[in-house]
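This report examines the arrangement of strands and helices, the enclosed spaces and selected residues of a single protein model. The sequence and the structure are shown first.

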Amino acid sequence: MEAPVAIIGGGISGLSAAYYLAKAGIPSTIVEARPRLGGVIQSERVAGCTIEAGPDSFLSTKPAAMDLIRELGLADEVIGSNDHLRVTYVWKGGRLVPLPDGLQLMVPTKLMPVLSTRLLGWRTKLRMGMELFHPPGRHPEDQSVADFVTAHYGAEAVDYLAEPLLSGIYGGSPSALSISSVLPRFVELEAKYGSLTKGVLAEMKATKAQSKRLPLFRTLKGGLGQMVSALTARLEGHATILHRRAEAVERTGGGFRIRLDDGWLECPQLVLACEAHNAATLTAGLDGRLADLLGGIPYSSSMTVALGFPDSAFPKPLHGFGFLVPKRERRRLVACTWVGTKFSHRVPSGTTLLRCFLGGMDDGAILMDELHEIAGFRAAPAFSRIFRWPRSMAQYTVGHPARLAEIQARASAIPGFQLAGNAYTGIGIPDCIRMGKQASESISKAMCTV
């Protein structure tokens, strides 16, 4: 078999690359080992509820997802998070404590909520006040999120703010994650203002004049799977879908030859839009050092568990968006979202839907005991769904910027070769769409110059 462009990986990165290639009039072949497309994006409809198996939304501040959604004709399906109801709790010392109002991740911007919170001790509160005098500067080397936050607000801010907030996004430890890769905005604020609080307040003042305040998160009424379905429909006649496993990639005089589990596929242009650990196996015959670098990007595994209950199961209405469980207090449960509060149109009247996030891949049998203790109810769910995601969350560990620079340099030295996916310059849906589009643009440019 032959194809002008082969894309290995049928998640949102690969689908986006194929879509933008199709817009440029370039056909492609997507090779996906799973029986369905979309990667970790998977939506189901159960008992009138919209259930997300993977991510449930995307950040409004990153435009690539909304740009694509508009092109797909789904703009009318977009809904925002109910930010007027947004309260997030943290489990500490056997009770749910709300995060202080005005917190921007772990950065405080309001005085009284910080002074009055039971989440932090007085030593940390004093440290937060003194942080206003932190001198500007830039560290010569990458450092961990934990070291960076500790230098500004102390260790307790890491344990009860940074760690639980980042665990649900990256599934990793602040002591391992790279501040330059995970929170580059804070690195820039430190360099300019010294104090993160000063920097965030300055940003808020500069953007206050914006007439329309965007919701923090956006999603689609019927689930993010709508975007995958729309992309798949748009690709009909423009892309060939092969549900095969790619086992190796070799160089040829005219490009690449991909060994599939049932034959070979040749192409002059190749996009690896799969997980970095799979890309490492495939690139071993192209560049051994590149394969080692890709294989060095760690991944974590996770589970999401959706649980549906009648409203009567709860002695009182659930308030806010849900809760986080810091590592210091954790058994298995990392976080839980009250879906119907966070987003409208997801849960029918009379039903309460909980979306639980767990680290690892073990059986979630003890989940209900934890949930009963934390949320204060005793009922069994009317329905449940469990979704396991092995080695799916890329970890941007300390040293990631240097690793990434070498990956990009070595990849660009291979003619016709592109990388895309959540292992490189962003793990969110908009980031993956952006990287898929960039890969397509590089291919379009190369093919126009041939």
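The following sections treat the sheets, a helix and its surroundings, the void spaces, and individual residues of this predicted model.

**The seven-stranded sheet**

Seven strands form an open sheet in the order S8-S7-S16-S17-S18-S15-S19, and the pairing is mixed. At its edges stand strand S8 (95–98) and strand S19 (383–394), each of which pairs on one side only. From one strand to the next, the twist averages 25°. Within this sheet, strand S7 (residues 88–92) and strand S16 (residues 322–324) run parallel and are joined by three bridges. Tyr89 is placed opposite Phe323 in S16.

Which helix lies across S7, S8, S15, S16, S17 and S18? Helix H14 (residues 367–375) does so, and it runs at about 60° to strand S17 (333–338).

**The three-stranded sheet**

A second open sheet has the order S11-S12-S13, with antiparallel pairing. Strand S11 (246–252) and strand S13 (263–267) are the edge strands; each has a single partner strand, so one side of each is left without a neighbour in the sheet. The twist in this sheet averages 25° from one strand to the next.

S11 and S12 are antiparallel and are joined by six bridges. They form a hairpin with two residues between them, and Ala246 stands opposite Leu260 in S12. On the other pairing, five bridges connect strand S12 (residues 255–260) to S13, again in an antiparallel arrangement. Leu260 also stands opposite Gly263 in S13. Leu260 is thus placed opposite a residue in each of the two pairings, Ala246 in the one and Gly263 in the other.

**Helix H2 and its surroundings**

In helix H2 (residues 64–71), the residues Ala64, Ala65, Met66, Leu68 and Ile69 are buried. The buried residues of H2 pack against helix H1 (12–23), strand S5 (58–59), strand S6 (78–80), strand S9 (217–220), helix H10 (225–235) and H16. After H2 comes Gly73, which has a positive phi near 75°.

**Cavity and pocket**

How many cavities of 30 Å³ or more does the structure hold? It holds one. The largest cavity has a volume of about 80 Å³. Its lining comprises 13 residues, and those nearest its centre are Glu52, Asp56, Val339, Arg346 and Arg355. S4, helix H13 (339–342) and S18 each contribute at least two residues to the lining of the largest cavity. By class, this lining has six nonpolar, two polar and five charged residues.

The second largest pocket has a volume of about 370 Å³. It is lined by 18 residues, of which Gln408, Ala411, Phe417, Gln418 and Leu419 are the closest to its centre. Helix H15 (400–412), strand S20 (417–419) and helix H16 (429–448) each supply at least two residues of the lining of this pocket. That lining divides into ten nonpolar residues, seven polar residues and one charged residue. H16 therefore appears in two settings: it supplies residues to the lining of the second largest pocket, and the buried residues of H2 pack against it.

**Individual residues**

Three residues are set out below by their relative accessible area.

| Residue | Relative accessible area | Class |
|---|---|---|
| Ala47 | 54% | exposed |
| Arg391 | 42% | partly exposed |
| Cys274 | 12% | buried |

Ala47 has a positive phi of about 50°, although it is not a glycine. Ala47 belongs to the loop between strand S3 (43–46) and strand S4 (49–52). Arg391, likewise not a glycine, has a positive phi of about 45°. Arg391 lies in strand S19, one of the edge strands of the seven-stranded sheet.

Where is Cys274 found? Cys274 is located in the loop between strand S14 (269–272) and helix H11 (276–283). Cys274 counts as buried because its relative accessible area of 12% is under 20%. Leaving aside residues up to four places away in sequence, Cys274 touches Ile8, Gly9, Ala279, Leu282 and Ala420. The C-alpha atoms of Cys274 and Ile12 are separated by 10.0 Å, and these two residues are 262 residues apart along the chain.

Methods. Residues are numbered from 1 along each chain as its sequence is written. This is a predicted model: local features need pLDDT of at least 70, side-chain atom pairs count only at pLDDT 80 or more; totals for chains, interfaces and linings use all residues. Side-chain values use heavy atoms; hydrogens and water are left out. Two strands pair if DSSP finds at least two bridges between them. Helices (H or I, at least four residues) and strands (E, at least two) are DSSP runs, numbered from the N terminus. Axes are lines fitted to C-alpha atoms, for helices over the stretch in contact, and angles run from 0 to 180 degrees between N-to-C directions. Contact means heavy atoms within 4.5 Å. On a 1 Å grid over the protein atoms alone, a cavity is a set of points where a 1.4 Å probe fits but cannot get out, and a pocket is an open set with protein on both sides within 12 Å along at least five of seven lines; lining residues have an atom within 4 Å of a point. Grid points are joined across faces, edges and corners, and a volume is the space filled by probe spheres set on the points. Ala, Val, Leu, Ile, Met, Phe, Trp, Tyr, Cys and Pro count as nonpolar, Asp, Glu, Lys and Arg as charged, and the others, Gly among them, as polar. Buried means under 20% relative accessible area, exposed over 50%, partly exposed in between (1.4 Å probe, protein chains only).
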